[in-house]
Amino acid sequence: MLTATHMLRCFIVEDSPVVLRDLIETLEQVLPIRVVGSSGTEASATAWLMDNPRGCDLLILDVFLKTGIGLNVLVAARRHASQAHKVVLTNHATREIRQRCMALQADRVFDKSGELEDLIAYCSEVATSTAAT
């Protein structure tokens, strides 16, 4: 349950420092979200999920990373953070990528170039639904 002292905990997998900074700033300013960590690689993201199986309520990840692939992080999240909402935010939101992400149990897929407002709206819905439980 979300209260004034308990916010939605978010872990972000993004290898662009600029995108990561802007995303954290936006999410934390407009939503009841606290970013609890981030990673720029598949290996470190997977390790974090294994070490913190209930450490986040929301996982936002990119598909293509400098080292590794976000799709493998989705697989790890199914095993180690199954309760977390899983969102893909990518520049490569083709129909094929969207289908692959959904097959790996992503809750939603958003295009970085044109669906950021949709991402924020979705995160707001998650925060609201989590607060109601």
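Start by selecting Thr90 and everything it touches: leaving aside residues up to four places away in sequence, that gives you Asp62, Val63, Val109, Phe110, Asp111 and Lys112. Keep in mind as you click around that this is a predicted model.

Now colour the strand that Thr90 belongs to. That's β4, residues 85-90. Is Thr90 buried or exposed? Turn on a surface and look: its relative accessible area is 0%, so Thr90 counts as buried.

**Next stop: the largest pocket**

Keep Lys112 selected, because you'll meet this contact of Thr90 again here. Add Val19, Asp22, Leu23, Thr26, Leu89, Leu116, Leu119 and Ile120, and together with Lys112 you have the lining of the largest pocket. The space inside has a volume of about 160 Å³.

Which helices should you show as cartoons around it? Go for α1 (17-30) and α5 (116-132), since each supplies at least two residues of the lining. The largest share belongs to α1, with four residues. Colour the lining by class and you'll get six nonpolar residues, one polar and two charged.

**Over to helix α2**

Select residues 42-51, which make up α2, and pick out Leu49. With a relative accessibility of 0%, Leu49 is buried. What does Leu49 touch, once residues up to four places away in sequence are set aside? Show Leu59, Val73, Ala77, His80 and Ala81 as sticks and you have its contacts.

For a sense of distance, draw a line from the C-alpha atom of Leu49 to that of Val18: they are separated by 23 Å, and the two residues sit 31 places apart along the chain.

Stay on α2 and add Ala45, Thr46 and Trp48 to Leu49; these four are buried. Turn the view until you look down the axis of the helix: the buried residues fall within an arc of 160°, so they line one face of α2. Then check the other side of α2, where you'll find Ala43 and Asp51 exposed.

**Last selection**

What do the buried residues of α2 pack against? Show three strands, β1 (8-13), β2 (33-39) and β3 (58-61), along with helix α3 (70-80), and you have the elements on the receiving end. Two of the Leu49 contacts you showed earlier, Val73 and Ala77, have numbers that fall in the α3 range of 70-80, while Leu59 falls in the β3 range of 58-61.

Technical notes
Residues numbered from 1 in each chain as written. Predicted model: local features only at pLDDT ≥ 70, side-chain atom pairs only at ≥ 80, totals over all residues. Heavy atoms only, no water. 1 Å grid on protein atoms, 1.4 Å probe; cavity = no way out; pocket = protein on both sides within 12 Å on 5 of 7 lines; lining within 4 Å. Points joined across faces, edges and corners; volume = space filled by probe spheres on them. Nonpolar A, V, L, I, M, F, W, Y, C, P; charged D, E, K, R; others polar. Buried < 20%, exposed > 50% of the residue type's maximum accessible area, 1.4 Å probe, protein only. Contact = heavy atoms within 4.5 Å. Arc of directions from axis to C-beta.
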